[in-house]
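This report introduces the structure to a reader who has not met it before. Please keep the sequence and the model at hand while reading.

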Amino acid sequence: MVPHDDTAIVAIRNILTRLCKRSGLSADRLRTTEIDINPLLDLPAVKRYAEEHSTTRRQAVLPVVREHARRLPPTHRVITDAELSLGLLRESDPGETDLSALYSQDLGARREYLSAHWSRLHRLAAADPIPPAPTVRSLRATPERRAFTALAALLVTGTVHTDDRYGRIPARAQTGTLTVIGDAVIDHVYQVDTIPDARGFARGRFTANPGGKGLNCVVAAARLGIDVRFITSVGDDEGGRRILDYLRSENIDTSLVRVVPNAATPITALIVSRTGITGTIACADDRNRLTDTELTAPLVRSALADSDAVLITLEPPLPVIEQALATVQALADPPPVLVTSAKVDTPQVLYRYLSSVDYLIGSLRELDYLVPEVPARSGPHIAEQLRMLGARAVCVVEDFGCTVRSDQLALDIPRMQAAALTDIPGSRSAFVGALIYRLLSNTPERETTDPARRSVNEHDFAWATAAMVATQSFAGDIPGTMPTVDEVDRIIRLTSEKH
């Protein structure tokens, strides 16, 4: 696929997603809508149909979309038919389906019927095998996004895309949709034997790669099979283009990434010793920062509402973090919220939102920044301090181990035996991605399959801790060390064998 197709596919997907609201796609809706549908009208397939049938492009849209939806794989076809109210089953239903409910005038009713009669509709679509039925909430996240992306890709390119990026359900099924708000930078990494003092000298190795806590976390989650979209900003420069290419290569949704004209993509210098201890110098461009105004955009609000989990790093400006937390807090059915700590000015501003934070994660030092009046004496001490301020669960991730305090758990996982270093850049990002994976997965220890009802237990924290060990292969590319599920499972297995 040529690069410009990405932008076109995202534009068409977003239009179709908005048009499925209320009664769905129809000629009347296209005539009266306030949505900018010009990208849809400009599709070659729509223009060609209009010319061949001597009709307008608006009149051509519905038959063209129907024709392309019929070519989709069964699950995508079932979802887009119901949500856009295309009426494909009106032509072939043997009488088993309540068509008035499936093609109701209300999108919510169509979703409920689709979820409740998932298996029957898949049998009518000749699906084999039939995937597990989603809840209405989980349907609104990954399945819908993948179905509408597949339909948009087909409309734009004329080809049914079968790779992971455009809709195939991989062997290890996607576990849910995660939206991440954080930073993306270019990391300048200097690997040395020892970090020199002010007048010292050290020989080392230099590499430059995409990085940043936000980017590292989205890659960590995507490598584990989570469907991830990233809200961040990059400059309109070589660094920004490199970051976007890297994210897309990892199958991460970049439609909410802001490209700032005439701004430089931030650079962070990391000096990493042979034991993994790291010194950091952050070089930001204030022009290239997210703003709280962008967090109120309809597409961003919709992304947060339709997520199975939301991760917020404390890297963006404080007003952005406040707006993100306030937006999720105001949702009628908010998803689980995870926050990774960092140094922020006036952290007291965030205290009123901590009761909405399900998991607050960081090193002892990072979490200590949030309580500047009370120096942290230990992991359990800072965890209890933050719990008293409202955080539901606090995870202190340090030295390849983990301390957890919540209403349900008082857990201390010691340094794993497989850990050979003191620390490594990106290890905590691997922990965060792994924890979210376990939060959204159907694991043997979990009784519920509803993402909104899930919580994590000691097995999940142990698995997330093992994910950090896998990052010891670090050779300058921080997100490149993020492990797969099989790699984490191997570490768990080897650790169990030693015991």
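In what order do the four strands of the open sheet stand? The order is β3-β2-β6-β7, and the pairing is mixed. The edge positions belong to β3 (204–211) and β7 (278–283); each has a single partner strand, so one side of each lacks a neighbour in the sheet. From one strand to the next, the twist averages 20 degrees. The model described here is a predicted one.

**The open sheet and its surroundings**

Within this sheet, β2 (residues 185–192) pairs with β6 (residues 267–272) in the parallel sense, over six bridges. One position can be followed by eye: D187 stands opposite T268 in β6. Helix α13 (residues 238–249) lies across β2 and β3 and runs at about 70 degrees to β3.

The structure holds two aromatic pairs. In one of them, the ring centres of Y190 and F206 are 5.1 Å apart and the ring planes stand at 45 degrees; the pair is therefore tilted, since planes from 30 to 60 degrees apart count as such. Because Y190 belongs to strand β2 and F206 to strand β3, the pair ties together parts that are 16 residues apart in sequence. Y190 counts as partly exposed, at 34% relative accessibility. F206 is also partly exposed, with a relative accessible area of 44%.

**Strands β10 to β13**

A further set of strands can be traced from β10 to β13 through their pairings. The table gives each pairing with one pair of bridge partners.

| Strands | Sense | Bridges | Bridge partners |
|---|---|---|---|
| β10 and β11 | parallel | three bridges | G362 and V396 |
| β11 and β12 | antiparallel | six bridges | V397 and C402 |
| β12 and β13 | antiparallel | four bridges | R405 and A410 |

Strand β11 (residues 393–398) is mostly covered, as five of its six residues are buried. With β12 (residues 401–406) it forms a hairpin that has two residues between the strands. In that turn, D399 has a positive phi of about 55 degrees. Another hairpin joins β12 to β13, through three residues.

Which residues of β13 lie on its covered face, and which on its uncovered one? In this strand (residues 410–413), L411 and I413 form the covered face, whereas A410 and D412 form the uncovered one. This arrangement can be read beside a general rule: in a regular strand the side chains alternate between the two faces of the sheet.

**Two helices with a buried side**

In helix α4 (residues 44–52), the residues A45, V46 and A50 are buried. Viewed down the axis of α4, its buried residues fall within an arc of 130 degrees, so they line one face of the helix. The face turned away from this buried side carries P44, E51 and E52, which are exposed. The cover over the buried residues of α4 includes α3 (38–41) and α5 (57–69). After α4 comes S54, which has a positive phi near 50 degrees.

Helix α14 (residues 298–305) has V300, A303 and L304 as its buried residues. They span an arc of only 95 degrees around the axis, and are therefore on the same side of α14. Their cover includes β1 (177–181), β4 (227–235), β8 (309–313) and α15 (318–329). A general point bears on both helices: an α-helix has 3.6 residues a turn, so residues three or four places apart point the same way.

**The largest nonpolar core**

Which members of the largest nonpolar core touch the most other members? Of its 67 residues, these are F431, L435 and F461. Helix α18 (residues 427–440) supplies the largest share of this core, nine residues. Apart from neighbours within four places in sequence, L435 is in contact with L338, Y359, I361, C395, V456, F461 and A464. In general, nonpolar side chains tend to be buried together in soluble globular proteins.

**A buried serine in a loop**

S341 is found in the loop between β9 (337–340) and β10 (359–362). Is S341 buried or exposed? It counts as buried because its relative accessibility is 1%, and the limit is under 20%. Not counting residues up to four places away in sequence, S341 touches K213, L314, I361, E366, L367 and L370. I361 is thus named among the contacts of S341 and among those of L435.

Definitions and conventions: Residues numbered from 1 in each chain as written. Predicted model: local features only at pLDDT ≥ 70, side-chain atom pairs only at ≥ 80, totals over all residues. Heavy atoms only, no water. Buried < 20%, exposed > 50% of the residue type's maximum accessible area, 1.4 Å probe, protein only. Contact = heavy atoms within 4.5 Å. Pairing = 2+ DSSP bridges. Axes fitted to C-alpha atoms, helices over the stretch in contact; angles between N-to-C directions. Arc of directions from axis to C-beta. Core = buried A, V, L, I, M, F, W, Y, C linked by side-chain atoms within 4.5 Å. Phe/Tyr/Trp six-rings, centres within 6.5 Å; stacked < 30°, edge-to-face > 60°.
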